[in-house]
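Got the viewer open? Let's take a short walk through this one, stop by stop.

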Amino acid sequence: MQRSKVTMVERKERKGSYTAPALDKAFLVIELLANNPQGLSASEMATALGRSLGELFRIVVVMEDAGYLQKSLETDRYTVTYKFLDVAYRATPARQLTSIAIPEMQALARAIGQSCHLVVPKNAEGLVIAREENPGVRGFALRLGASIDLLRSCSGQVILAFSPTATVDRMLDRIEALRGTPIGRAALAGRLSAVREQGFDMRESPITRGVTDVSYPVFGFAGELLAALTIPFLELIDGSQQVPIDDARAMLGETTRRISELLGHIPSDRATA
């Protein structure tokens, strides 16, 4: 069972003059279950959060009745439902972003025979808000809602490289607080500068052998970084992949440019032309 380190950091940050104990407990439950996707029983949640079963159980039941949690009939464990994702889509720019990006992602996956996923920044990590699987028989894809390590992942490097300095500093502060150790910021700054210079990042997956991640930024109307679109390029032993990785990278770059333009972004070379 994973205790939520983010929970304690964010509680300190949002601490103020006003308190709402029941609402605070609900947030703690959500954050705890986010770190335990296999689900937890009410008693396990109470133990992990240092609360009594009685004070937590009513909160859990209300959240289940509202459709934000679901309980397994076999194990009595609670998990978070997709209602959170649905609300997030409708309440944030993610809705417009995904509605524009998904058709482009589908076309890209068909053209290159590889999966792709869209990652947005979320506090000290990235969040997969859309994905398109390889239409063929073999492929590799991340699940919707997966958390992404900003420091180790290709998507994370792109998000950090193209975000404003103040935003990056806040994200790095959160990461350091969670890890309890400092980040080598000077070395990281050098890597991010190289990513900005070439306009994308490409690296071997730090987790999956045989996969090379390629990621480009997606920009909004005002030129702000909205997301990173990434291909986990799976190279087949027999060389039967649909297109070479360099072609896939070029097509990914074109796709992110189209998505950005559909979101109202005007590239600097066109703005000054």
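Start by selecting Arg185, which sits in helix H9 (residues 185-198); helices here are DSSP runs of H or I with at least four residues, strands are E runs with at least two, and both are numbered from the N terminus. A word before you zoom in: this is a predicted model, where local features need pLDDT of at least 70, side-chain atom pairs count only at pLDDT 80 or more, and totals for chains, interfaces and linings use all residues. Residues are numbered from 1 along each chain as its sequence is written, and side-chain values use heavy atoms, with hydrogens and water left out.

Is Arg185 buried or exposed? Arg185 is partly exposed, because its relative accessible area is 27% (buried is under 20%, exposed over 50%, partly exposed in between, with a 1.4 Å probe and protein chains only).

Now add Asp169, Leu172, Asp173 and Glu176: Arg185 touches them, leaving aside residues up to four places away in sequence (contact means heavy atoms within 4.5 Å). Measure from Arg185 to Leu172, 13 residues apart along the chain, and their C-alpha atoms are separated by 8.7 Å.

Next, jump to helix H2, residues 21-34. Its 14 residues should span 20 Å at 1.5 Å a residue, and the end C-alpha atoms are 20 Å apart, so the two agree (the expected span is 1.5 Å times one less than the number of residues). Colour the buried residues of H2, among them Asp24, Leu28 and Leu32.

Finally, zoom out: the protein has 11 helices and 8 strands, and buried residues make up 41% of its 273 residues.
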